[in-house]
Amino acid sequence: MFEIACAASDLQDGQARWCSVRGEEVAVYRVDGEYFASEDRCSHGSTSLSDGELDGHEIECPLHHGSFDIRTGVPVALPCIKAIRVFPIRIENGNVLVSLDS
Ligand code: FES
């Protein structure tokens with residue numbers, strides 16, 4: 001089931017944003033007009049990834065500077081070694097919709 005995370009216009013290219021979907025903290029990203037979503041918690045600690053720096057398709061955690069590929073959730077820089085969840089996304093009626101179920 002897809003649920004509204006935020007308005008598509010809430011994000012500019014190269015930005016990350018925190019959203020709450022069904023009580024779960026989700027990070028939504030926009031890169032070159034395309035949207036992506038992941039869980040907002042770094043797998044190395046409990047830091048909010050949406051507070052990190054987005055560089056292309058990589059989000060850098062603000063605490064210890066590990067990073068993840070936002071398309072797959074795979075860690076791409078230490079100290080992160082455990083993947084984060086990524087979520088399917090749709091844009092409908094100007095909103096970013098995320099599915100937490102898959
Ligand atoms: S909490 Fe994210 S890299 Fe350590």
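1. Let's start with the sheet. In this predicted model, three strands form an open sheet in the order β2-β3-β4, and the pairing is antiparallel. β2 (15–21) and β4 sit at the edges, each pairing on one side only. Ignoring direction, neighbouring strands of this sheet are turned by 30° against each other on average. As background, strands of a sheet pair through backbone hydrogen bonds, in either a parallel or an antiparallel way.

2. A bit more on one of those pairings: seven bridges link β2 with β3 (residues 24–31), running in the antiparallel sense. If you want a spot to look at in the viewer, try W18, which stands opposite A27 in β3.

3. Next, T47. Where does T47 sit? You'll find T47 in the loop between β4 (34–39) and β5 (53–55). Is T47 buried or exposed? T47 has a relative accessible area of 17%, and because buried means under 20%, T47 counts as buried.

4. Who are the neighbours of T47? Leaving out residues up to four places away in sequence, T47 touches D40, R41, C42, C61, P62 and L63.

5. On to the rings. How many aromatic pairs does a search of the whole structure find? The search comes back with zero, so there are no centre distances or plane angles of aromatic pairs to list here.

6. There is a charge over a ring, though: the charged end of R90 sits over the ring of F2, at 4.0 Å from the ring's centre.

Definitions and conventions. Residues are numbered from 1 along each chain as its sequence is written. This is a predicted model: local features need pLDDT of at least 70, side-chain atom pairs count only at pLDDT 80 or more; totals for chains, interfaces and linings use all residues. Side-chain values use heavy atoms; hydrogens and water are left out. Helices (H or I, at least four residues) and strands (E, at least two) are DSSP runs, numbered from the N terminus. Buried means under 20% relative accessible area, exposed over 50%, partly exposed in between (1.4 Å probe, protein chains only). Contact means heavy atoms within 4.5 Å. Rings of Phe, Tyr and Trp (its six-membered ring) pair if their centres lie within 6.5 Å; planes under 30 degrees apart count as stacked, over 60 as edge-to-face and the rest as tilted. A charge sits over a ring if NZ of Lys or CZ of Arg is within 6 Å of the ring centre and within 35 degrees of the ring normal. Two strands pair if DSSP finds at least two bridges between them. Axes are lines fitted to C-alpha atoms, for helices over the stretch in contact, and angles run from 0 to 180 degrees between N-to-C directions.
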